[in-house]
Amino acid sequence: MRMTTTPRAQGATVWLTGLPSAGKTTIARLLGDRLKTEGHRVEVLDGDEIRRFLSAGLGFSRADRNTNVQRIGLVSEVLARNGVLSVVPLIAPHADSREAVRKRHEASATPYVEVHVATPVEVCSARDVKGLYARQATGRLTGLTGVDDPYEPPVDPSLVVRTQLQTPQESAAAVYAVLAERGLV
Ligand SMILES: Nc1ncnc2c1ncn2[C@@H]1O[C@H](COP(=O)(O)OP(=O)(O)OP(=O)(O)O)[C@@H](O)[C@H]1O
Ligand SMILES: [Mg+2]
């Protein structure tokens, strides 16, 4: 009997980095839904959800944030290497942490698409989806990325999304277009 094999779908990691309330989760969900509807295998690894299990116990120090990014980066690379489109909405404020994730993907020749959700801090703080900016302003929270904790913007991202000028649907479509350009969808 002759064995036949079906070619495995090409996976990728799509990493959405940006400030709190920038729009990462919103874009990731819209993109994920569209990709699923089109029949792709998709996972959305949202920073908030992962902090409840894989990274339970980690805080927001530089070291803990890096550990969180490396763990999610590892999971995402494994998924992507095995044909999943893995969408990661995570602040990931430090350039060296993101660079390590990129290198991990390069080492296994797994596509890695970095998207900077570059919403200005004034817009993020007006949105304040989780009330973090308000809590920081009234002294109930310290170490808020972009306010009193650093955010190092990507130097050479695959895409910069300016959500203050777009609808969420337009932003998600812009990310989708990059995947299409690269032959990943
Ligand atoms: N073009 C856009 N793209 C994405 N979100 C947008 C856009 N325009 C307005 N928004 C709004 O901005 C808010 C973004 O919230 P969201 O939870 O996605 O941010 P986040 O980057 O995931 O924040 P956090 O890091 O705190 O999880 C939502 O209320 C969303 O509706
Ligand atoms: Mg989010």
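**Ligand 1 and helix α3**

Visitor: Which residues surround ligand 1 most closely?

Guide: The shell holds 20 residues, and the closest are Gly23, Lys24, Thr25, Thr26 and Thr163. A residue counts as near if its C-beta atom, placed from the backbone, lies within 6 Å of the molecule. This is a predicted model: local features need pLDDT of at least 70, side-chain atom pairs count only at pLDDT 80 or more, and totals for chains, interfaces and linings use all residues. Residues are numbered from 1 along each chain as its sequence is written, while chains are lettered from A and ligands numbered from 1 in the order in which they are written.

Visitor: What makes Ile72 buried?

Guide: The cut-off is 20 or more other C-beta atoms within 10 Å of its own; 12 or fewer is exposed, in between is partly exposed, and C-beta atoms are placed from the backbone. Ile72 has 24, so Ile72 is buried. Ile72 sits in helix α3. Helices are DSSP runs (H or I, at least four residues), as are strands (E, at least two), numbered from the N terminus.

Visitor: How do you know that the span of α3 agrees with the expected one?

Guide: The expected span is 1.5 Å times one less than the number of residues. For the 20 residues of α3 (residues 62-81) that gives 28 Å; the end C-alpha atoms are 28 Å apart, so the two agree.

Visitor: What do the buried residues of α3 pack against?

Guide: They pack against β1 (12-17), β2 (42-44), α2 (47-50), β3 (85-89) and α4 (95-107). Contact means C-beta atoms, placed from the backbone, within 7 Å.

Note on methods. Contact = placed C-beta atoms within 7 Å.
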